[in-house]
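This briefing introduces one protein model to a reader who is new to structural description. Please keep the sequence and the structure in view while reading.

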Amino acid sequence: MLPDTSPAVLPFTTARFVLAIDGLRSVSFSKCAGLAGEVSVEEYQEGGENRFAHRFPSRASFPNLVLTQGVGPTRELWDWFAEFHVTGLVAPRDGTVSLLSTVDGALVPVRVWSFTRGWPAKLTGPDLDAQASAVGVESLEIAHHGLELRSVVA
């Protein structure tokens, strides 16, 4: 058998990604967490079977997406969050988080996670300090009804 001489497959870097939400402008963030899912396990202890408990999948759950960015001039995300405080309702929106990487010399989405029926659960403004010259950072948490990996570049 000949040794494998194909080039190594390198992972994508996580430095460039963008959030797109239906009806809002796409926004670049510096950090994104919560691209995860979990299936709960329910155990059933059968009478007479003492070697193990049966384990069954129960319910899928997804954590909130947590996105962090430097404070900029746009306020669309704040306005979306404020809808609930003004009207008592918030319009859930679908959206995507796209990881971008250079493929064949062009910047393209290499992974696209889509979420359904998302709404802003928490919005945190920057910590202000007159003695520091750091960039102001805000974060947005989006609660949603599910996450799906829609697109993958091989």
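H144 is located in the loop that connects strand 9 to strand 10. The model is a predicted one, and every value below is computed from it. The points that follow begin with this loop residue and then turn to the strands, the nonpolar core, the helix and some individual residues.

**The loop residue H144**

- H144 counts as buried because its relative accessibility is 11%, and buried means under 20%.
- The side chain of H144 takes part in a polar contact with P63: one of its polar atoms lies 3.1 Å from the backbone oxygen of P63.
- The side chain of H144 also reaches the backbone nitrogen of G146, at 3.2 Å.
- Neighbours within four places in sequence aside, the contacts of H144 are F62, P63, L65, F115, T116, R117 and G118.

**Strand 8 and its partners**

- Which strands pair with strand 8? Strand 7 does so over ten bridges, strand 9 over five bridges, and strand 10 over five bridges.
- The pairing of strand 7 (residues 93–103) with strand 8 (residues 106–124) is antiparallel.
- Strand 9 (residues 137–143) is likewise antiparallel to strand 8, and L140 in strand 9 stands opposite L123.
- Strand 10 (residues 147–152) also runs antiparallel to strand 8.
- S114 in strand 8 stands opposite T96, and the bridge partner of S114 in strand 10 is E148.
- Two residues lie between the strands in the hairpin of strand 7 and strand 8, where D104 takes a positive phi near 50°.
- In a regular strand, side chains alternate between the two faces of the sheet.

**The largest nonpolar core**

- The largest nonpolar core has 20 residues, and those touching the most other members are L19, I21, F29, L77, F115 and I142.
- Two or more residues of this core come from each of strand 1 (16–21), strand 6 (65–70), helix 1 (76–87), strand 7, strand 8 and strand 9.
- Strand 8 gives the largest share of the core, four residues.
- Beyond its neighbours within four places in sequence, the core residue I21 is in contact with L77, W80, R93, D94, G95, F115 and I142.
- In soluble globular proteins, nonpolar side chains tend to be buried together.

**Helix 1: a buried face and an exposed side**

- Helix 1 consists of twelve residues and spans 16 Å from its first C-alpha to its last, close to the 16 Å expected at 1.5 Å a residue.
- Which residues of helix 1 are buried? They are L77, W80 and F81.
- These buried residues line one face of helix 1, because they fall within an arc of 95° when seen down its axis.
- An α-helix has 3.6 residues a turn, so residues three or four places apart point the same way.
- The cover over the buried residues of helix 1 includes strand 1, strand 2 (27–28), strand 6, strand 7, strand 8 and strand 9.
- H85, V86 and T87 are exposed on the other side of helix 1.
- D79 also belongs to helix 1; it counts as partly exposed because its relative accessibility is 36%, a value between the cut-offs of 20% and 50%.
- The C-alpha atoms of D79 and T116 are 20 Å apart, and the two residues are 37 places apart in sequence.
- G88, just after helix 1, takes a positive phi of about 85°.

**A20 and T96: residues in two strands**

- A20 is part of strand 1, and T96 is part of strand 7.
- Is A20 buried or partly exposed? A20 counts as partly exposed, because its relative accessibility is 24%.
- T96 counts as buried, because its relative accessibility is 14%.
- A20 and G95 are 75 residues apart in sequence, yet their C-alpha atoms are 5.4 Å apart in space.
- Residues up to four places away in sequence aside, A20 touches S26, D94, G95 and T96.
- On the same basis of counting, T96 touches V18, L19, A20, V112, W113, S114, F115 and R150.

Conventions. Residues numbered from 1 in each chain as written. Predicted model: local features only at pLDDT ≥ 70, side-chain atom pairs only at ≥ 80, totals over all residues. Heavy atoms only, no water. Pairing = 2+ DSSP bridges. Core = buried A, V, L, I, M, F, W, Y, C linked by side-chain atoms within 4.5 Å. Buried < 20%, exposed > 50% of the residue type's maximum accessible area, 1.4 Å probe, protein only. Contact = heavy atoms within 4.5 Å. Expected span 1.5 Å × (residues − 1). Arc of directions from axis to C-beta. Polar contact = N/O pair within 3.5 Å; in protein donor to acceptor, adjacent residues only side chain to side chain.
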